Amino acid sequence: LVSVASAGAQSLWPFFNYHGRESARSRAMLRKATLVFALGGLVAGLGLLLFARTFAAIVGSGDVVIPDLLLYATAAVLLSQCVQLPAGMLLTDSRGLLWQGSFNLVMAVGVIVAAWLITPALGAAGPMVAFAVGTILLQAVPTLIVAFQRTGASGRPDDLSIVSPNKKGSL
């Protein structure tokens, strides 16, 4: 599912490249795309929660049991990845890629350490919980903040919001 979302997000790259990353048009597109991808991630995550057990029962002949925490963590990863994809596409110039690579290295180390620490207590769900927390706190949130700042948002909470506060119903 993340691969499908990634393929869709790649179509944003030419837009951001053509219109410039620091433009009002890019900021508007980033807001709209982030909302659309968030909704897509939410739908996909809910689908996972609703159908994963049925799928596991069919494939595993009833022998596969998926812990609730593992399902919820996987849905959270799916949502966080979808939310950050448009911002990640905006940050595909040399400066943005250097930032993303550096921050993803920090995230990877954090996830590995967290998984190592919590897996004894959480079992199979431990690595996915660590990955969910890492992708939300160390990838999605920082990537969104940096991307909106690059488009000229002031950094105020109302200027960083996905839905424009100035126009009713606009994105």
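**Exercise 1. The cavity**

How many cavities of 30 Å³ or more does a search of the whole structure find? State the volume of the largest cavity, and describe its lining by residue, element and class.

*Solution.* The structure is a predicted model.

Step 1. The search of the whole structure yields 1 cavity of 30 Å³ or more. The volume of the largest cavity is about 30 Å³.

Step 2. Its lining consists of Gln84, Trp99, Gln100, Phe103, Asn104, Leu138, Gln139 and Thr143.

Step 3. Two or more lining residues come from each of helix H5 (94-122) and helix H6 (125-150). Helix H5 gives the most, with 4 residues.

Step 4. Sorted by class, the lining has 3 nonpolar residues, 5 polar residues and no charged residues.

**Exercise 2. A nonpolar patch on the surface**

Identify the residues of the nonpolar surface patch that includes Trp116, and decide whether Trp116 is buried or exposed.

*Solution.*

Step 1. The patch is formed by Leu105, Val109, Val113, Trp116 and Leu117. Together, these residues have about 580 Å² of accessible area.

Step 2. Trp116 is located in helix H5.

Step 3. A residue is called exposed when its relative accessible area is over 50%. The relative accessible area of Trp116 is 68%, and Trp116 is therefore exposed.

**Exercise 3. The salt bridges**

Determine how many salt bridges the structure holds. For each pair, locate the two residues in the chain, and classify Arg53, Asp68 and Arg150 by accessibility.

*Solution.*

Step 1. The principle is that side chains of opposite charge can pair when their charged atoms come close. The structure holds 2 salt bridges.

Step 2. One salt bridge joins the side chains of Arg53 and Asp68, at 2.2 Å from N to O. This pair links distant parts of the chain, since Arg53 belongs to helix H3 (residues 24-59) and Asp68 to helix H4 (residues 68-90), 15 residues apart.

Step 3. Partly exposed residues lie between the limits of 20% and 50% relative accessible area. Arg53, with a relative accessible area of 38%, is therefore partly exposed. Asp68 also counts as partly exposed, because its relative accessibility is 44%.

Step 4. A salt bridge also joins the side chains of Arg150 and Asp93, at 2.5 Å from N to O. Here, too, distant parts of the chain are linked: Arg150 is in helix H6 and Asp93 in the loop between H4 and H5, 57 residues apart.

Step 5. Buried means under 20% relative accessible area. Arg150 has a relative accessibility of 10%, so Arg150 counts as buried.

Key. Residues numbered from 1 in each chain as written. Predicted model: local features only at pLDDT ≥ 70, side-chain atom pairs only at ≥ 80, totals over all residues. Heavy atoms only, no water. 1 Å grid on protein atoms, 1.4 Å probe; cavity = no way out; pocket = protein on both sides within 12 Å on 5 of 7 lines; lining within 4 Å. Points joined across faces, edges and corners; volume = space filled by probe spheres on them. Nonpolar A, V, L, I, M, F, W, Y, C, P; charged D, E, K, R; others polar. Patch = residues over 30% accessible without salt bridge, like charges linked within 9 Å, V, L, I, M, F, W, Y side chains within 5 Å. Areas by Shrake-Rupley, 256 points an atom, 1.4 Å probe, with all protein chains shown as cover. Salt bridge = Lys/Arg side-chain N within 4 Å of Asp/Glu carboxyl O. Buried < 20%, exposed > 50% of the residue type's maximum accessible area, 1.4 Å probe, protein only.
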